[in-house]
Structures are given as structure tokens and as C-alpha cells.
Amino acid sequence: MPTVTMERVEMFSACHRLHSKELSDAENKETFGKCNHVNGHGHNYVWKVKLRGEVDPVNGMVYDLAKLKKEMNLVLDTVDHRNLDVDVEFFKTTVSTSENVAIYMYETLKSVMSNPSVLYKVTIEETPKNVFTYKGK
């Protein structure tokens, strides 16, 4: 059967502070600049999920989009309108860079998908100019 790539896009808003417990306050300020502001800052993220697999000969799909939408919403509920550093357990021990947001979104989605083998990659657009992609291990 032919292999097809499909993509679904969602958006979410969240705030965070780029701050590493491994660095001094001065090093954090130097490393992260204004993104280290004590009160944090926010983004309107764009989350793209790309699946790749063979087209099912019976239903003609790589993956049921309605199912993917529900699974993505389970993940979105953990980050949308949240303070990532305070509300998401993963970021209590991991710096909430967009690189790590991409990893979190990929791994969390993979854990709730009915067929995670077709998950190819996720992309997080922090801004139109700052884009981060994670393909898993």
C-alpha cells in the first residue's frame, strides 16, 4: 500500500519563564535575556502533528482524523492557558524551552494515541520565525 503523510494543526496559549536551576541568576539572565523575566512571558503556539503510514485498504485512511483530534485535545488540555512551569509536571524539572515543549507534546501525544507507530513528528511554532521539530527517539 502507498505511504501517505498527513498533518493536523492546533494552537494553544501558554506562559513560561526560561530559567534553569543549574545556572546562577546572572547566568540565567545572560543565557535567556528577557525570556528570564521573573514574571515570565507568553506565546500563542502553533502545534503541528505529522503522521506517516500506509493507507488502510479498507477505510482508505492513514489514521482517523476524528480520533487524532480527540487525542490531541487531551494533550492540549494540559498546556492551553497554563503556566508551563507551574501547571505541567514535566516542566517542574525541565526548562520550558520550545525544544522541550516539542518533546513534551510528542511524548504525551504518543502515550494517548491508539496507534502511535504512525506518529512521525511534531512541530512547535513559538513565533513565525522560531520553529522547533521533534521526531522522537
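Student: What covers the buried residues of helix 2?

Tutor: This is a predicted model, so the answer is read from predicted coordinates. The cover over the buried residues of helix 2 includes strand 1, strand 2, strand 3, helix 3 (84–87) and helix 4.

Student: Which residues of helix 2 are buried?

Tutor: They are L68, E71, M72, V75, L76 and V79.

Student: How many residues does helix 2 have, and what span does helix 2 reach?

Tutor: Helix 2 has 15 residues, and from its first C-alpha to its last the helix reaches 21 Å. That is close to the 21 Å expected at 1.5 Å a residue.

Student: What caps the N-terminal end of helix 2, and which residue follows the helix?

Tutor: D64 is the cap, with a side-chain oxygen 2.9 Å from the backbone nitrogen of A66. After the helix comes H81, with a positive phi near 55°.

Student: Now the sheet. What is the order of its strands?

Tutor: The sheet is open, has five strands in the order 3-1-2-4-5, and shows mixed pairing. Strand 3 (82–83) and strand 5 (130–134) are the edges; each has a single partner strand, so one side of each has no neighbour in the sheet.

Student: How many bridges join strand 1 to strand 3, and do these strands run parallel or antiparallel?

Tutor: Two bridges join strand 3 to strand 1 (residues 3–16), and the two strands run parallel. Within strand 3, N83 stands opposite C15.

Student: Where does helix 2 lie relative to the strands?

Tutor: Helix 2 (residues 65–79) lies across strand 1, strand 2 (41–54) and strand 3, at about 20° to strand 1. Helix 4 (residues 98–112) also packs on the sheet, where helix 4 touches strand 1, strand 2, strand 4 (119–127) and strand 5. The direction of helix 4 makes about 145° with that of strand 4.

Student: Take one residue of strand 2, H41. What does H41 touch?

Tutor: Leaving out residues up to four places away in sequence, H41 touches A14, C15, H16 and C35. There is also a polar contact between the side chains of H41 and H43, at 3.2 Å.

Student: How many salt bridges are there?

Tutor: The count comes to three. For each pair, read the distance and then the accessibility of both partners.

Student: What is the distance in the salt bridge of E10 with R8?

Tutor: The closest N and O atoms of E10 and R8 are 2.7 Å apart. Buried means under 20% relative accessible area, so E10, at 15%, is buried. R8 is partly exposed, with a relative accessible area of 21%.

Student: Which residue does E125 meet in a salt bridge?

Tutor: Its partner is K48, with 3.0 Å from N to O. This pair links distant parts of the chain, since E125 is in strand 4 and K48 is in strand 2, 77 residues apart. E125 counts as buried at 18% relative accessibility, whereas K48 is partly exposed at 24%.

Student: What about E89: which residue is its salt-bridge partner?

Tutor: E89 pairs with K92, and their closest N and O atoms are 3.5 Å apart. Exposed means over 50%, so E89, with a relative accessible area of 59%, is exposed. K92, at 36% relative accessibility, counts as partly exposed.

Methods:
Residues numbered from 1 in each chain as written. Predicted model: local features only at pLDDT ≥ 70, side-chain atom pairs only at ≥ 80, totals over all residues. Heavy atoms only, no water. Pairing = 2+ DSSP bridges. Helix = DSSP H or I, 4+ residues; strand = E, 2+ residues; numbered from the N terminus. Contact = heavy atoms within 4.5 Å. Axes fitted to C-alpha atoms, helices over the stretch in contact; angles between N-to-C directions. Expected span 1.5 Å × (residues − 1). Buried < 20%, exposed > 50% of the residue type's maximum accessible area, 1.4 Å probe, protein only. Polar contact = N/O pair within 3.5 Å; in protein donor to acceptor, adjacent residues only side chain to side chain. Salt bridge = Lys/Arg side-chain N within 4 Å of Asp/Glu carboxyl O.
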